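Me: I have just opened this structure and would like a guided tour. Could we go through it with some questions and answers?

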Amino acid sequence: MARPRKFDADAAVEAAMETFWAKGYTATSTDDLINETGMLRGSLYNAFGSKRRLFELALRRYRDKGAAGQNAIQADRPPLERIRWLMLSGVDRTVADRRGCLAVNTVTELAGAEPELSALARQCFTQLEAALVEAIEDGRAQGEVRADRPARLLARQVMSAFHGLLVQAKAGYNPQSLHETVDAVVADLRA
């Protein structure tokens, strides 16, 4: 009879996600994962199979948490303020912890070596784009957002700026200059 598991798989994936997010896939060692999850080496491999599989589960968790947050992009605020809030909160979080976005980190670190993980990370981008399109369309309906370009193109423009800002925040750019750039991106959306 098999012994019951003595760990919380969700908590272990959460801890692994935080570790991979802070250190990156390559720099995260099995010892790091053992220390952060509190699991023994054998239990870690028995439960998850491999470091890569655990990373995949962690990236899926990140995607799902991001979708939940983006779906609620402060729906009680005007559309442009929702977009501004999303960008500022990401920039401020990255200034504080230098982690950036796990999806961006994954693509920049693993795109050539791990196309399946890169495809999973791109799902995060697709979800963000959809949330931005929705906010832009809401803004158009309220007369707040410009209508001279397709909503999807504007959403991709915001995403490009946002992801670039997160990279700059990771690199230690001045937070005030990052906030000014956020305000310029939002101003460019204004009708």
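Me: Between which two helices is the loop that holds Arg98?
Reply: Happy to start there, with the reminder that this is a predicted model. One of the flanking helices covers 79-97 and the other covers 102-110. Arg98 therefore sits in the loop between helix 5 and helix 6.

Me: What is the phi of Arg98, and is it positive or negative?
Reply: Most residues other than glycine have a negative phi. Arg98 is not a glycine, yet its phi is positive. The value is about 60°.

Me: Does Arg98 count as buried, partly exposed or exposed?
Reply: Buried would need a relative accessible area under 20%, and exposed would need over 50%. Arg98 has 40% relative accessibility, so the residue counts as partly exposed.

Me: How many helices and strands does the protein chain have?
Reply: Read along the sequence, the chain follows the pattern α-α-α-α-α-α-α-α-α. The totals are 9 helices and 0 strands.

Me: What percentage of the residues of the protein chain count as buried, and over what dimensions does its C-alpha trace span?
Reply: The protein chain has 191 residues, and 43% of them count as buried. Along the principal axes, the C-alpha trace spans about 65 × 35 × 30 Å.

Me: What share of the contacts with a separation of 6 or more comes from residues 24 or more positions apart?
Reply: Here is an example of such a pair: Thr94 touches Leu166, and the two are 72 residues apart in sequence. For the whole protein chain, residues 24 or more positions apart account for 67% of these contacts.

Me: Where is Thr94, and is it buried or exposed?
Reply: Thr94 lies in helix 5. Among the residues touching Thr94 are Arg99, Gly100, Ala169 and Lys170. With 0% relative accessibility, Thr94 counts as buried.

Me: How far apart in space are Thr94 and Leu166?
Reply: Leu166 is one of the buried residues of helix 8, while Thr94 belongs to helix 5. From C-alpha to C-alpha, the distance between Thr94 and Leu166 is 6.4 Å.

Me: Which helices do the buried residues of helix 8 pack against?
Reply: The buried residues of helix 8 are Ala151, Leu154, Ala155, Val158, Met159, Phe162, His163, Leu165, Leu166 and Ala169. They cover an arc of only 165° around the axis, which puts them on the same side of helix 8. Their packing partners are helix 5, helix 6, helix 7 and helix 9.

Me: What does helix 8 reach from its first C-alpha to its last?
Reply: Helix 8 has 20 residues, and the expected value at 1.5 Å a residue is 28 Å. The model comes close to that, with a reach of 29 Å.

Me: Which residue with a positive phi follows helix 8?
Reply: Helix 8 covers residues 151-170. The residue in question has a phi near 90°, and it is Gly172.

Me: Is Ala147 buried or exposed?
Reply: Ala147 is found in the loop between helix 7 and helix 8. Its C-alpha is 9.2 Å from that of Glu137, which is 10 residues away in sequence. The relative accessible area of Ala147 is 64%, and the cut-off is over 50%, so Ala147 is exposed.

Me: Which residues does Asp138 touch, leaving out those up to four places away in sequence?
Reply: Asp138 lies in helix 7, and at 27% relative accessibility this residue counts as partly exposed. Asn174 is 36 residues away in sequence and 32 Å away in space, C-alpha to C-alpha. The residues that Asp138 touches are Pro79 and Arg82.

Me: What is the relative accessible area of Phe20?
Reply: Phe20 is found in helix 1. Its contacts include Tyr25, Leu33, Leu54, Phe55 and Leu102. Phe20 is buried, with a relative accessible area of 1%.

Me: How far apart are the mean positions of the positive and negative charges?
Reply: The protein chain has 26 positive and 25 negative charges. Their mean positions are separated by 4 Å.

Definitions and conventions
Residues numbered from 1 in each chain as written. Predicted model: local features only at pLDDT ≥ 70, side-chain atom pairs only at ≥ 80, totals over all residues. Heavy atoms only, no water. Helix = DSSP H or I, 4+ residues; strand = E, 2+ residues; numbered from the N terminus. Buried < 20%, exposed > 50% of the residue type's maximum accessible area, 1.4 Å probe, protein only. Contact = heavy atoms within 4.5 Å. Lys, Arg positive; Asp, Glu negative; His and termini not counted. Charge placed at Lys NZ, Arg CZ, Asp CG, Glu CD. Expected span 1.5 Å × (residues − 1). Arc of directions from axis to C-beta.
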